[in-house]
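Okay, thanks for coming, everyone. Let me put the structure up and we'll walk through its fold, mostly the sheet.

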Amino acid sequence: MRYTGPKVRLSRRAGVPLTRKAVRYFEERPYPPGEHGRKTNRRQTGDYGLRLMEKQKLRWYYDVSERQMRRYWDMALRSPGRSGAELVVLLESRLASLVLRAGFAPSIYAARQYVTHGHITVDGRKVDIPSYLVKPGQVIGVRERSRAMQPFVAAAEGTYADELTAPYLAVEHGDLRFTVVSRPAREQIAVPVDEQLVVEFYSR
């Protein structure tokens, strides 16, 4: 199942801020949540615990369930190239992930909600499946009837955009539209995860 509780707690459990909002909270409380959080020493975690945490961090970063992660892992194994890198590329190619990366949403949770509520189109057609895998050449936009909503007005002004646009996207914030110009490469994806530990977790 997907986690639906306080998102900042996930960042504190992971040891890194997983969302923009979590950065400030994490700086104030850079230790795990709970009564004994201050006394927890992450460096004493065993090998299994480290691998498990990297897998969880990847899950939480992209807001996917364990069942979905297993499915992407199976797809990564069948693909040429390094399985860990391929797993991250698949997760990055999800529609919700790209809506976030293009600066159309403040968090992966908001991006997922925008997709499921039918505000997002792919090649002009509504797609309400966050896990939809977008291919190079496809154009993602916001439905005309949704553009006057406050979150998308903010997105059009670049409020949620990163300083640098992902090199595999051509984004037109004013038009609330972006094109996937190429398949993401692992080195182009800014994810605070060591995917080799995720590979070791699933390969054990």
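So, the protein has 9 helices and 5 strands, where helices are DSSP runs of H or I, at least four residues, and strands are runs of E, at least two, numbered from the N terminus. Keep in mind that this is a predicted model: local features need pLDDT of at least 70, side-chain atom pairs count only at pLDDT 80 or more, and totals for chains, interfaces and linings use all residues. Residues are numbered from 1 along each chain as its sequence is written, and side-chain values use heavy atoms, with hydrogens and water left out.

Now, how are the strands ordered in the sheet? It's an open sheet, E2-E1-E3-E5-E4, with antiparallel pairing; two strands count as paired if DSSP finds at least two bridges between them. Strand E2 (125-126) and strand E4 (169-172) are at the edges with a single partner strand each, so one side of each has no neighbour in the sheet.

Working inwards, E1 (residues 120-122) meets E3 (residues 139-142) through 3 bridges, and Ile120 has Val142 as its bridge partner. E3 also pairs with E5 over 3 bridges, with Val139 opposite Thr179 as a bridge partner.

E5 (residues 177-180) has two faces: Phe178 and Val180 are on the covered one, Arg177 and Thr179 on the uncovered one. That strand is joined to E4 by 4 bridges, including Glu172 with Arg177. E4 and E5 make a hairpin with 4 residues between them, and in the turn Leu176 has a positive phi of about 50°.

Note on methods:
Buried < 20%, exposed > 50% of the residue type's maximum accessible area, 1.4 Å probe, protein only.
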